[in-house]
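Q: Can you walk me through this one? I'm new to it.
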Amino acid sequence: MPINISKENIISAINEINTSTNRIPPSRASVLYDLEYNGKLYPPKYVISIANKYANGTELSPNDFTAAEARNKLIELGFNVIKKGDGKLTDNSLYNEDKNVPKNLILYGPPGTGKTYNVINKALEAVDYNKYKLLINDPTKRSELVAEYKNLVNKGQIAFCTFHQSYSYEEFIEGLRSDENGTFTPRDGIFKQICQSAKPKESGKITTYDFKEDKINFFKMSLVDDSAGGDYIFEYCIKKDVVSLGWGGDIDYKDCDDKAKVREKFLSSNPDRKSNDFNIEAIERFKNWMNKGDLILISSGNHKIRAIAKVDGDYYFDQDTDITFCHFRKVKWLFSGDPIPVSHFLKNKVLSQQAIYMFATQDLIIENIRELITKNSGSNNKTDNYVLIIDEINRGNISKIFGELITLIESDKRAGETNELTAILPYTNETFSVPSNLYIIGTMNTADRSIALLDTAIRRRFEFIECMPRPELIDVNIEDINVSQFLSTINKRIEFLLDRDHTIGHAYFMDKDLDFGKLKDIMIKKVIPLLQEYFYDNWENIERILGGAGKMGDNNYFLNKEEVQPGSLFGEKLMDVLEPKFKYTIVENPSINAFLNITNNI
């Protein structure tokens, strides 16, 4: 780091930050220490980077020096550097808080640079930055942040998938799947499911119900006549404020207050049936299990919910109606509208084909049910944001996966926007659009595929944030090894011999209990195998990066090499034809000198 940076240069840098419209980019925020000046906090490395512009004409790259060097320089010049959390200063208003997360975003960079780690932050920013900003901006509250993320995943507000070479439109949007009865039926993929969950819920009913989940039961029912088809049963029930059961036969069970009596009455009219016939079980559930105040979720197939009702009356029998079913209960309809994916209501489950059954409360996402039926209809209701995270987005065939819907994800082509577009889906013939409150966040590993090679259709529709190695985050000394300087040196050599897309991320070294033993394991089991992959076993370049190679048995290097003469393998006749070669082996237990040789041999 340049030694001629003065106190005046530091103050000039601070003034530039204060007047800049971009303030401090989140990627340059400090992790452990802050520079305190006039009651405000600044990241030391960012200040030094800008100060060098005033001292030497160019802004320094964060890879040109370590966080420790920046702190030491500021202390040397008489500035106050404090550890995060030690001071009482809380004014972080200089940090860029423009959290208008793009609707389509990709985090890209080499492996181990925290893309998957940071995608959690971005997902919560998209859902509700004001609600989660204290967790997002405080690294010490990471466990709380992850807990909130998992809660949103369980609610279905955040979904996660990983692209790979075999991933297809049928898995992502919709496709045909076996229903285990010998036929194939359309099945929604993860993208269609979260689009339907994110879509604002429009209901013809405005009744609300503030229930206590420990005081009521939850049931699933299917208001469908399989013999006749169509929705006439469901439509009748909505119109008459009832639910109806098609099982049990033309028998009035009003006096059957337990299962034994239901069985006796059913078998007396159907002596050829068995005592465990589902007609008996269905009536028992409908008449004796259900109580006033219980909630009924009405299915649309096995994968969607089309309505929710509150039980409002006792069982009654009526054969004189416009439908074939004759067992009824009065209800209040709390929601009826476009079908919603069952993942919005159930944790990692689909619906059973049984006409009626009781849910286990622990399997339900109670918060989503409550939110749906306790909000009054009207424009004042806040629409929740949803997030789909696509890991390794560059590994899939984008054209094959998104198909005709690639255009619909553009911000101005989404539902309700100026240039809204819709598409007809091929398997269900449904009209489909992408809601404007859905955020798509992808990650891509540039070591697998450079951003320059990414599908043009994706490049035009996504914004990109680069995630590069941040050695300052591992500014610790293990014995005589400065881990930050060690990683910086390796990465500079990789960038020179190959490119910056294949540098080594800091995340490999981030361990609060990092010691020399773990450091050796990281190098032998993670870093060196990556170098072998990057350089296709070009051991000469790997040797250059790792500071040389020793003779066999020398553990002062990460590599040993020995010259192999062709004569020892093929005889003297070929010695003049074949050139000698070097054989490389990885040292299993390198000494501390193996690490120091990397940084000292410059």
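A: Sure. One term to start with: buried means under 20% relative accessible area, and exposed means over 50%. Keep in mind that this is a predicted model.

Q: Okay. How many residues of strand E10 are buried?
A: 5 of the 5, residues 295-299. So strand E10 is largely enclosed by the rest of the structure.

Q: Which residues sit on each side of E10?
A: Leu295, Leu297 and Ser299 are on one side. Ile296 and Ile298 are on the other. Both faces are covered.

Q: Does E8 run parallel or antiparallel to E10?
A: Parallel. Strand E8 covers residues 218-221, and 4 bridges join E8 to E10. In one pairing, Phe218 has Leu295 of E10 as its bridge partner.

Q: And how many bridges join E10 to E11?
A: There are 5, and those two strands run antiparallel. E11 spans residues 304-317. Leu297 stands opposite Ile308 in E11.

Q: What do E10 and E11 form?
A: A hairpin, with 4 residues between the strands. Gly301 is in the turn and has a positive phi of about 75 degrees.

Q: New topic: the surface. Which residues form the nonpolar patch there?
A: Leu569, Phe570, Leu574, Val577 and Leu578. Together they have about 480 Å² of accessible area.

Q: Where does Leu574 lie?
A: In the loop between helix H17 (567-570) and strand E22 (581-586).

Q: What is the relative accessible area of Leu574?
A: It is 31%, so Leu574 counts as partly exposed. That class falls between the 20% and 50% cut-offs.

Key. Residues numbered from 1 in each chain as written. Predicted model: local features only at pLDDT ≥ 70, side-chain atom pairs only at ≥ 80, totals over all residues. Heavy atoms only, no water. Buried < 20%, exposed > 50% of the residue type's maximum accessible area, 1.4 Å probe, protein only. Pairing = 2+ DSSP bridges. Patch = residues over 30% accessible without salt bridge, like charges linked within 9 Å, V, L, I, M, F, W, Y side chains within 5 Å. Areas by Shrake-Rupley, 256 points an atom, 1.4 Å probe, with all protein chains shown as cover. Salt bridge = Lys/Arg side-chain N within 4 Å of Asp/Glu carboxyl O.
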